[in-house]
Amino acid sequence: MSPLSAARAALRVYAAGAAVVLAQLLRRCLGGFAEPVFPPQPDRVAIVTGGTDGIGYATARQLARLGMHVIIAGNNDSKAQDVVRRLKEETSNDKAAVMMVPQRKTRDGFEEHFGLNYLGHFVLTNLLLDSLKEAGRPGRTARVVTVSSATHYVGELRLRDLHGSRCYSPHGAYAQSKLALVLFTYHLQRLLAAQGSPVTANVADPGVVDTDLYRHVFWGTRLIQKMLGRWAFKTPDEGAWTSVYAAVTPDLEGIGGRYLYNEKETKSLMLTYDRDLQRQLWAISCQMTSITDVTQDTLLG
């Protein structure tokens with residue numbers, strides 16, 4: 001990616017974010033965000049990645065209040081233990097993410113946005129699939145909920161340079177990871193449906209939420225967050241509603257392959273419906289993570 005391309009990626013990401021912020025501000029002025037009512041979820045289990053902060057924590061708390069047994073997946077054990085204690089005091093899905101960080105790699109050598117935001121969820125979901133299939137049943141399917149964002153609309157999937165080694169752009173890398181999550185979810189749903197599995201996969205878009213994820217963004221954006229966050233940004237609880245909706249609403253029982261925003265189905269980027277691109281990304285991801293690719297046997301067998 002050339003410096004000019006990196007600059008364009010930054011402009012596209014900030015333009016996408018600005019559009020969402022303006023829409024949220026308008027909605028706030030017209031009455032705000034009404035909290036949805038969810039049915040109790042006794043005897044169900046939820047795994048929430050990134051459940052120690054922000055939207056992930058808010059999601060874990062709301063699911064726990066519905067009676068779910070919540071498992072928090074985090075990379076800081078002491079912090080996770082503290083969160084568990086807080087949740088127990090207060091209450092008597094895939095969310096771990098980084099945003100626009102400087103160029104750096106995970107322990108496995110992957111670019112951090114692609115490795116943490118996307119590949120980590122790809123691997124975790126595949127490792128859990130057998131358990132999810134055993135847990136699900138007709139009328140009460142197990143559910144995979146992946147969290148993307150509006151930045152996927154301006155993302156570009158660079159299959160020949162997924163790690164941005166030629167010219168790194170934190171904005172382009174972040175948008176690409178969110179685009180990859182949508183493509184992954186749609187392909188996963190196709191595989192699950194072809195297998196007749198009692199598991200569904202959907203994508204949740206939380207909107208622009210007032211969390212600590214913005215610490216690496218342009219200083220002007222942080223200033224806007226500080227000045228207008230109360231009105232134009234969603235709170236973590238409001239941002240979690242769409243994820244919780246995807247996880248528990250009866251309206252989505254047995255239904256997958258949907259992109260959800262503000263607790264409603266909407267269209268994702270047209271490119272995400274390209275099945276060949278979904279398959280290519282899935283195959284590359286399997287190679288990177290040593291996961292067996294069952295696409296050909298499942299969809300073509």
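The protein chain of this predicted model carries 34 positive and 28 negative side chains, the centres of the two sets lying 4 Å apart. Lys and Arg count as positive and Asp and Glu as negative, with His and the chain ends not counted; each charge is placed at NZ of Lys, CZ of Arg, CG of Asp or CD of Glu.

The model is predicted, with local features requiring pLDDT of at least 70 and side-chain atom pairs pLDDT 80 or more, whereas totals for chains, interfaces and linings use all residues. Residues are numbered from 1 along each chain as its sequence is written, and side-chain values use heavy atoms, without hydrogens and water.

The protein chain has nine helices and six strands (DSSP runs, H or I of at least four residues and E of at least two, numbered from the N terminus). Of its 301 residues, 51% count as buried (under 20% relative accessible area; exposed is over 50% and partly exposed in between, with a 1.4 Å probe and protein chains only).

Two residues other than glycine have a positive phi. Most residues other than glycine have a negative phi.

| Residue | Phi | Loop | Relative accessibility |
|---|---|---|---|
| Asp43 | about 65° | between helix 1 (3-29) and strand 1 (45-49) | 78%, exposed |
| Asn262 | near 55° | between strand 5 (259-261) and strand 6 (264-266) | 14%, buried |

Leu228 is found in helix 6 (residues 219-232) and counts as partly exposed, at 39% relative accessibility.
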